[in-house]
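Please read the following report alongside the sequence and the model. It moves from the chain as a whole to its cores and then to single residues.

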Amino acid sequence: MNLVIVESPAKAKTINKYLGADYTVLASYGHIRDLPSKNGSVDPEDKFKMIWEVDSFSKKYLKEITDAAKKSEKIILATDPDREGEAIAWHVREYLDEKKLLKDKKIERVVFNEITKKAVNNGIDNPRSIETNLVDAYMARRALDYLVGFNISPILWTKLPGSKSAGRVQSVALRLLTEREHEIEQFKPEEFWTLKVNFKTSKGDILNSNIVFLNNSKIEKFSFKNKEDINNALKLIKKSKYKISDIGSKVYTRNPLGPFTTSTLQQTSSSKLGFGASRTMQIAQRLYQGIDIEGDTVGLITYMRTDGTNISNDAVNDFRNFIKNLYGDIYLPKEPNSYSGKKAKNAQEAHEAIRPTDVNRTPESMKKFLSTDQIKLYDLIWSRALSSQMEAAKFDRKTITIVSDDSLNQFKCSGSTIKFDGFLKLTKIEESEDEKILPDVNKEEVSTNDFIDEQHFTQPPPRYSEASLVKKLEELGIGRPSTYASIISVISNRGYADVLNKRFFPTDRGKLLSAFLEKLFSKYVDYGFTASLENQLDDITAGKEKWVKVLDNFWKDFNINVSNVKEKRTREVLDLLNESLGELIFESDKNGKINRKCKLCNTGELSLKNSFRGGAFIGCSNYPECKFTRPLSKSKAKDQIALSEPKLVGQNDNGKDIYLKNGRFGPYLQYEIVEEEITTKKKKKK
């Protein structure tokens with residue numbers, strides 16, 4: 001009997017069908033143990049020794065595994081082919097060893113990049129040992145996250161009541177969100193105008209043109225700042241006569257995009273399908289582990305946590321044959337397209353790009369076996385992978401140049417038409433790239449036919465969506481494919497940001513936490529430092545660095561930083577935040593100087609305050625005599641009716657005063673109920 005251990009029951013079910021009666025396949029249900037949430041789980045004084053604890057959920061499944069292990073001759077650890085999978089395999093082996101169940105038993109580690117019969121049998125036939133470097137990288141990352149969270153979080157609970165915790169990477173992602181929000185809050189729109197001119201040819205064709213030069217001056221975005229500038233431009237344009245001076249045509253190509261990596265799948269799934277990162281990964285996990293197709297469980301895609309952009313030679317050959325048979329030789333490049341130029345940052349994630357395990361399982365043929373969300377994501381993955389091996393699309397770009405008789409004014413209109421659709425035969429062209437067909441014209445005189453002027457205002461930078469946040473994190477080298485989804489979910493679940501219309505809006509709690517960390521733990525929310533630490537973790541994976549050394553270098557400075565912050569009084573911390581958040585949370589006078597004077601009592605000074613129940617707010621230094629409060633956000637404050645004392649607003653039908661008051665949940669009306677009203681209400685109940 002051979003025991004195979006995987007993470008998930010879905011994967012176990014699929015593999016069990018492939019291996020047959022000589023194998024028992026059981027699931028560990030993810031990690032079987034973790035660091036307990038108590039002091040001392042990681043000991044920096046003893047080479048960062050870790051205490052692991054089996055959680056109650058895992059005990060039931062570990063009993064099944066240990067019972068099966070006793071009867072097995074060989075134990076095969078077949079968890080996922082990444083750092084987390086390697087760590088789970090290591091934990092299972094260590095646990096069984098502690099139970100003294102490995103004596104006289106053969107232990108093997110196998111990996112499958114896809115869950116198909118061929119890949120599973122190939123993995124079983126080519127076992128290896130557990131890769132120590134991958135486990136060391138996992139240990140370092142887990143210890144770092146514990147040391148940061150377990151040392152900063154208790155400080156937050158005392159210095160910033162209402163804040164739940166601070167994560168090593170989540171805090172850096174939160175900083176991105178709050179910095180963008182600050183940019184938006186401080187943004188001042190700037191007016192500008194655009195002017196387009198329609199010229200008419202002798203045949204009556206209309207040429208919609210952009211101004212390139214006016215009175216020999218190049219036209220830029222802010223060349224026309226107001227309506228007066230537009231009027232002056234119109235006078236200049238109308239003075240001259242015009243002719244077509246040049247008709248240019250140029251063929252350009254657009255190459256297909258490479259197959260998906262984890263981050264590009266998350267970004268594209270978010271923008272095209274509206275799926276969040278977590279949802280995308282959950283659906284992809286199911287497609288990878290196996291779908292029931294006419295009684296046979298089949299993995300439809302390769303492993304979905306990868307930085308790799310290459311695909312196997314076998315898959316490339318299958319794709320090329322499929323393209324040739326379905327679309328013809330004209331759509332097939334002479335040589336396979338290569339996307340291996342992008343080097344994966346982390347060797348443990350440099351697997352194949354995400355692709356279908358069998359290109360012949362078209363989205364159309366899989367529809368009846370998949371849910372609506374599953375078919376959408378499968379179609380996205382299948383189309384992207386197949387189109388990556390198709391011929392480039394060719395466009396014919398035509399440009400018409402129009403000049404004034406004195407050559408001082410110049411206009412251009414351009415349009416592109418598809419000459420050969422190439423990979424666009426399979427993937428739709430984006431709306432912004434739709435063809436614009438220009439009429440056939442000659443070099444002739446044209447007349448001004450119409451003028452289209454529009455007023456615009458500059459827009460603040462957009463708030464991050466899940467797709468743009470993942471892209472930014474990847475650009476900065478922060479986090480890795482397997483961590484993006486959890487980073488995003490933690491920020492939302494802990495109340496640090498709200499997601500509205502698929503955009504992140506940092507909450508007051510999130511802004512305060514980010515400001516606190518940036519002021520008091522600036523090094524550890526620095527983008528460069530965090531990316532450098534990620535690179536060190538990658539170096540551990542590659543065997544270039546020792547994990548204990550990386551942790552030791554980190555801990556020395558971090559521990560000093562923690563000790564210094566612990567000594568600060570809460571009021572001192574809030575004063576520091578008053579200073580760093582000044583122009584964002586307080587009003588400014590006409591000269592731009594921050595004005596913190598209380599508008600209610602006129603003698604107190606407004607300051608950042610915090611409460612266990614409500615979190616951060618702005619309050620008066622004369623409390624309790626002056627009860628003025630307002631939200632942290634200036635924009636929210638303008639919308640709030642802030643009342644320190646009840647305000648008389650009128651009387652009801654019985655002549656009783658109605659007061660407007662401000663409570664925990666905002667403004668409310670209150671009046672005294674007279675005895676007659678109470679009696680009437682009792683009669684109605686009867």
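Two residues are taken to be in contact when heavy atoms of theirs lie within 4.5 Å. On that basis, among the contacts in the chain between residues at least 6 apart in sequence, 69% join residues that are at least 24 apart. The model is a predicted one, with an average pLDDT of 88 over the chain and a score of at least 70 for 91% of the residues. Residues 681-686 call for caution, since pLDDT stays under 50 there, and for this stretch the model has one contact beyond four places in sequence.

**The chain as a whole**

The chain has 686 residues, of which 48% count as buried, and it contains 20 helices and 27 strands. Its C-alpha trace spans about 95 × 85 × 70 Å along the principal axes. The exposed area of the chain comes to about 35,300 Å², with carbon and sulfur atoms supplying 47% of it. As for charge, there are 112 positive and 96 negative charges, and their mean positions lie 3 Å apart.

**Nonpolar cores**

The largest nonpolar core is made up of 155 residues, and those with the most contacts inside it are Leu96, Phe516 and Phe521. Helix 5, which covers residues 132-159, contributes the largest share of this core, namely 13 residues. A second core, separate from this one, has 21 residues, including Val197, Ile237, Tyr242 and Phe411. Leu96 itself, when residues up to four places away in sequence are not counted, touches Ile5, Ile65, Thr66, Ala69, Ile75, Leu101 and Leu102.

**Buried polar and charged residues**

Lys11 is found in helix 1, residues 9-19, and it counts as buried because its relative accessibility is 1%, where the cut-off for buried is under 20%. Residues up to four places away in sequence aside, Lys11 touches Val6, Ala78, Thr79, Asp80, Ile115, Tyr288 and Gln289. Between Lys11 and Arg142 there are 131 places in sequence and, from C-alpha to C-alpha, 25 Å in space.

Ser465 lies in the loop between strand 17 (445-457) and helix 13 (466-476), and with a relative accessible area of 11% it is likewise buried. Beyond its neighbours within four places in sequence, Ser465 is in contact with Lys502, Arg503 and Phe504.

**Backbone geometry**

Most residues other than glycine have a negative phi, and most peptide bonds are trans. Against that background, three places in loops deserve a look, and their backbone angles are set out below.

| Site | Backbone angle |
|---|---|
| Tyr29 | phi near 60° |
| Asp104 | phi about 65° |
| Tyr623 and Pro624 | omega about 10°, cis peptide bond |

Tyr29 sits in the loop between strand 2 (23-27) and strand 3 (33-34), and it counts as partly exposed because its relative accessibility is 31%. Asp104 belongs to the loop between helix 3 (83-98) and strand 8 (106-109), and its relative accessibility of 75% means that it counts as exposed, the cut-off for exposed being over 50%. Pro624, which a cis peptide bond joins to Tyr623, has its place in the loop between strand 23 (615-620) and strand 24 (629-630).

Definitions and conventions:
Residues are numbered from 1 along each chain as its sequence is written. This is a predicted model: local features need pLDDT of at least 70, side-chain atom pairs count only at pLDDT 80 or more; totals for chains, interfaces and linings use all residues. Side-chain values use heavy atoms; hydrogens and water are left out. Helices (H or I, at least four residues) and strands (E, at least two) are DSSP runs, numbered from the N terminus. Buried means under 20% relative accessible area, exposed over 50%, partly exposed in between (1.4 Å probe, protein chains only). Accessible areas come from the Shrake-Rupley method with a 1.4 Å probe; for residues, only the protein chains shown count as cover. Lys and Arg count as positive and Asp and Glu as negative; His and the chain ends are not counted. The place of a charge is taken as NZ of Lys, CZ of Arg, CG of Asp or CD of Glu. pLDDT is the predictor's confidence in each residue, from 0 to 100. A nonpolar core is a set of buried Ala, Val, Leu, Ile, Met, Phe, Trp, Tyr and Cys residues joined through side-chain atoms within 4.5 Å.
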